[in-house]
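Please take a moment to look over the sequence and the model shown below, and then follow the paragraphs that come after, which lead through the structure step by step.

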Amino acid sequence: MRAAGILLVWFAGVVLTAALLAPGVYHLGQWLAGEVPFLKGLGSQPFHRYLNRCLLLAALAGLWPLARAFRLTSARVLGLTGLAAGRRELGFGLVVGLGCLLVVALLMALAGVRGFNFSHDPRVLMELALKATLSAVIVAVLEELFFRGVVFGALRQVLSVPTAVLASSVIYAALHFLARDRKSTRLNSSHITISYAVFCLK
């Protein structure tokens, strides 16, 4: 009950903080778009994008207090290990993750849902690959730290390990299902690879 109460208070605090910040941040973005030329893209972003970013920032700001509340204050307790110690697991996770993405891509192409386009400029492809990789690494590490580190670490204090794994996975899937849109699908499909690799380090 204590763990559930702490998570509930943390979640309510994150939502309330994001709800209070998002309107101001949105108007600030609109103002910057009109005043700063290289930030004009901010003006075309819908409000829900600002709200999502505020939710992420509020969650990150509350991550350390949440970890301390559950006494998850060391890297090992959070499930983090050095790259040297987990090199084999990292390689295995990358191979399996990339293999799964390749299988999904082939199935989508065979089903006619998507098709391969080889006419793009190599420089454009490299730029997109670099951006996707950078986003994948940052988002995946943050999500694994929260869901597999703090949330799973907190749940396994009061539940059996299989039940904690199932519960944290359901929370992860539910939040991503609610936030799903066509653009985020492209991003999530790329950072799943890194997420799996980081999970294999534990």
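In this predicted model, ring pairs link Tyr26, Phe47 and Tyr50 into a cluster, and a search of the whole structure finds two aromatic pairs. In one of them, tyrosine 26 and phenylalanine 47 meet edge-to-face, with 5.6 Å from centre to centre and 75 degrees between the planes. Since tyrosine 26 lies in helix 1 and phenylalanine 47 in helix 2, this pair ties together parts that are 21 residues apart in sequence. Tyrosine 26 also pairs with tyrosine 50: the ring centres are 5.2 Å apart and the planes stand at 90 degrees, which is over the 60 degrees required, so this pair is edge-to-face. Here too distant parts of the chain are linked, because tyrosine 26 belongs to helix 1 and tyrosine 50 to helix 2, 24 residues apart.

How buried or exposed are the members of this cluster, Tyr26, Phe47 and Tyr50? Tyrosine 50 has a relative accessibility of 9%, and because buried means under 20%, tyrosine 50 counts as buried. Tyrosine 26, with a relative accessible area of 23%, is partly exposed, and phenylalanine 47, at 37% relative accessibility, counts as partly exposed as well.

From the rings we can turn to the interior. In soluble globular proteins, nonpolar side chains tend to be buried together. In this model the largest nonpolar core has 20 residues, and those with the most contacts inside it are Trp10, Leu66, Phe70, Phe146 and Val150. The elements that give two or more residues to this core are helix 1 (2–35), helix 2 (47–61), helix 3 (63–69), helix 5 (122–155) and helix 6 (161–178). Helix 5 gives the most, with seven residues.

Helix 4 is the next stop, and its length can be checked by simple reasoning. Helix 4 covers residues 87–111, which makes 25 residues, and at 1.5 Å a residue these should span 36 Å; the end C-alpha atoms of helix 4 are 36 Å apart, so the expectation and the model agree. Just after helix 4 comes glycine 112, which takes a positive phi of about 85 degrees.

Nonpolar side chains can also be found on the surface, where Leu102, Leu106, Phe116 and Phe118 make a nonpolar patch of about 490 Å². One of these, phenylalanine 118, has its place in the loop between helix 4 and helix 5. Phenylalanine 118 has a relative accessibility of 76%, and because exposed means over 50%, phenylalanine 118 counts as exposed.

Technical notes:
Residues numbered from 1 in each chain as written. Predicted model: local features only at pLDDT ≥ 70, side-chain atom pairs only at ≥ 80, totals over all residues. Heavy atoms only, no water. Helix = DSSP H or I, 4+ residues; strand = E, 2+ residues; numbered from the N terminus. Expected span 1.5 Å × (residues − 1). Core = buried A, V, L, I, M, F, W, Y, C linked by side-chain atoms within 4.5 Å. Buried < 20%, exposed > 50% of the residue type's maximum accessible area, 1.4 Å probe, protein only. Patch = residues over 30% accessible without salt bridge, like charges linked within 9 Å, V, L, I, M, F, W, Y side chains within 5 Å. Areas by Shrake-Rupley, 256 points an atom, 1.4 Å probe, with all protein chains shown as cover. Salt bridge = Lys/Arg side-chain N within 4 Å of Asp/Glu carboxyl O. Phe/Tyr/Trp six-rings, centres within 6.5 Å; stacked < 30°, edge-to-face > 60°.
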